[in-house]
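Subject: Structure handover

Hello,

Please find the structure below, with the sequence alongside. My notes on it come after.

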Amino acid sequence: LSLSFVPTAKIETWDALLVIDVQNDFLPERPIRSDHTPLYAIPDDELTADKQHIRAGSLAVSGGDEVVDRVSEWATAFEKAGAMVFMSLDWHTPDHCSFCRNPDRLPRGGGVALCPQSENATSLATRCEDEVTNASYERGDLVQWIDHCVQGSFGARIDPYLQLPDSTIIVKKGFVHN
């Protein structure tokens, strides 16, 4: 995976950088950095026992933390060129329709990321109401995600070392129950 920033063309004012979901719940366990000051205090319960690492998020993507510095560099370059920076955030309600309603929660930062179709998915009240979900349910292969990026949680916050311009436009998605 090569993440070096080598623009092949000049960034113009009409260009835009889209930063997608660089949130704690999607990032693996990663060290506390001594080369950067975090944007916010990292709660003790989000650190490993040795207090040297940030715990993996509930839907951690291996290597996901490797993009943080490059995205910060890209965002700076886009801002200097007068171009726009947008960032999307998963921003789910605690009872979001895409979450498993399974009492046997999967372990944080490990295990399978999807839950098999359960009795709870049989009701429209407990699953998302869209064509893709309904078709998956009818085929018998509906899966739901474990809880992630719940509004106001540490997991929903952007990585504490991601540097974005103040002018970044944040687009929240998945912020209503269904």
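What follows goes from the whole chain to the sheet, then to the aromatic rings and some single residues.

Please keep in mind that this is a predicted model.

Overall layout

The chain contains 2 helices and 7 strands. Read from the N terminus, the order of elements is β-β-β-α-β-β-α-β-β. The chain has 178 residues, of which 38% count as buried. Its exposed surface is about 10,200 Å², and carbon and sulfur atoms supply 56% of that. For contacts between residues at least 6 apart in sequence, 81% join residues that are at least 24 apart.

The sheet

An open sheet is formed by 3 strands in the order 1-4-7, with parallel pairing. Strand 1 (16-20) and strand 7 are the edge strands, each pairing on one side only. On average, neighbouring strands of this sheet are turned by 20 degrees against each other, direction ignored. As background, the strands of a sheet pair through backbone hydrogen bonds, in either a parallel or an antiparallel way.

Between strand 1 and strand 4 (residues 84-90) there are 5 bridges, in the parallel sense. Within this pairing, leucine 18 stands opposite phenylalanine 86 of strand 4. Helix 1 (residues 68-80) packs on the sheet and touches both strand 1 and strand 4. The direction of helix 1 makes about 155 degrees with that of strand 1.

Which residues of strand 1 are on its covered face, and which on its uncovered one? Leu17 and Val19 make up the covered face, while Ala16, Leu18 and Ile20 make up the uncovered one. In a regular strand, side chains alternate between the two faces of the sheet.

Two residues on these elements have partners from far along the chain. Lysine 172 is in strand 7. Its C-alpha is 6.0 Å from that of aspartate 90, with the two positions 82 residues apart in sequence numbering. Apart from neighbours within four places in sequence, lysine 172 is in contact with Leu89 and Trp91. Lysine 172 has a relative accessibility of 39%, so it counts as partly exposed.

Glutamate 79 belongs to helix 1. Glutamate 79 also counts as partly exposed, because its relative accessibility is 41%. The C-alpha atoms of glutamate 79 and serine 167 are 8.3 Å apart, although the two residues are 88 apart along the chain. When residues up to four places away in sequence are not counted, glutamate 79 touches Pro165 and Ser167.

Aromatic rings and charges

How many aromatic pairs does the structure hold? There is 1. The pair consists of tyrosine 40 and phenylalanine 154 in an edge-to-face arrangement, with 6.2 Å centre to centre and 75 degrees between the planes. Tyrosine 40 lies in the loop between strand 2 (30-31) and strand 3 (53-54), and phenylalanine 154 in the loop between strand 6 (144-145) and strand 7 (169-173). The pair therefore links distant parts of the chain, 114 residues apart, where "edge-to-face" stands for planes over 60 degrees apart. Both tyrosine 40 and phenylalanine 154 are buried.

Tyrosine 40 has a charged partner as well: arginine 157 lies over the face of its ring, 3.6 Å from the ring centre. Elsewhere, the charged end of arginine 33 sits over the ring of tyrosine 161, at 5.4 Å from the centre of that ring.

Backbone angles to look at

Most residues other than glycine have a negative phi. Aspartate 21 has a positive value, near 50 degrees. Aspartate 21 is in the loop between strand 1 and strand 2. Is this residue buried or exposed? Aspartate 21 has a relative accessible area of 14%, so it counts as buried, the cut-off being under 20%.

Cysteine 149 likewise has a positive phi, near 50 degrees. Cysteine 149 is placed in the loop between strand 6 and strand 7. With a relative accessible area of 0%, cysteine 149 is buried.

Regards

Key
Residues numbered from 1 in each chain as written. Predicted model: local features only at pLDDT ≥ 70, side-chain atom pairs only at ≥ 80, totals over all residues. Heavy atoms only, no water. Phe/Tyr/Trp six-rings, centres within 6.5 Å; stacked < 30°, edge-to-face > 60°. Helix = DSSP H or I, 4+ residues; strand = E, 2+ residues; numbered from the N terminus. Buried < 20%, exposed > 50% of the residue type's maximum accessible area, 1.4 Å probe, protein only. Lys NZ or Arg CZ within 6 Å of the ring centre and 35° of its normal. Pairing = 2+ DSSP bridges. Axes fitted to C-alpha atoms, helices over the stretch in contact; angles between N-to-C directions. Contact = heavy atoms within 4.5 Å. Areas by Shrake-Rupley, 256 points an atom, 1.4 Å probe, with all protein chains shown as cover.
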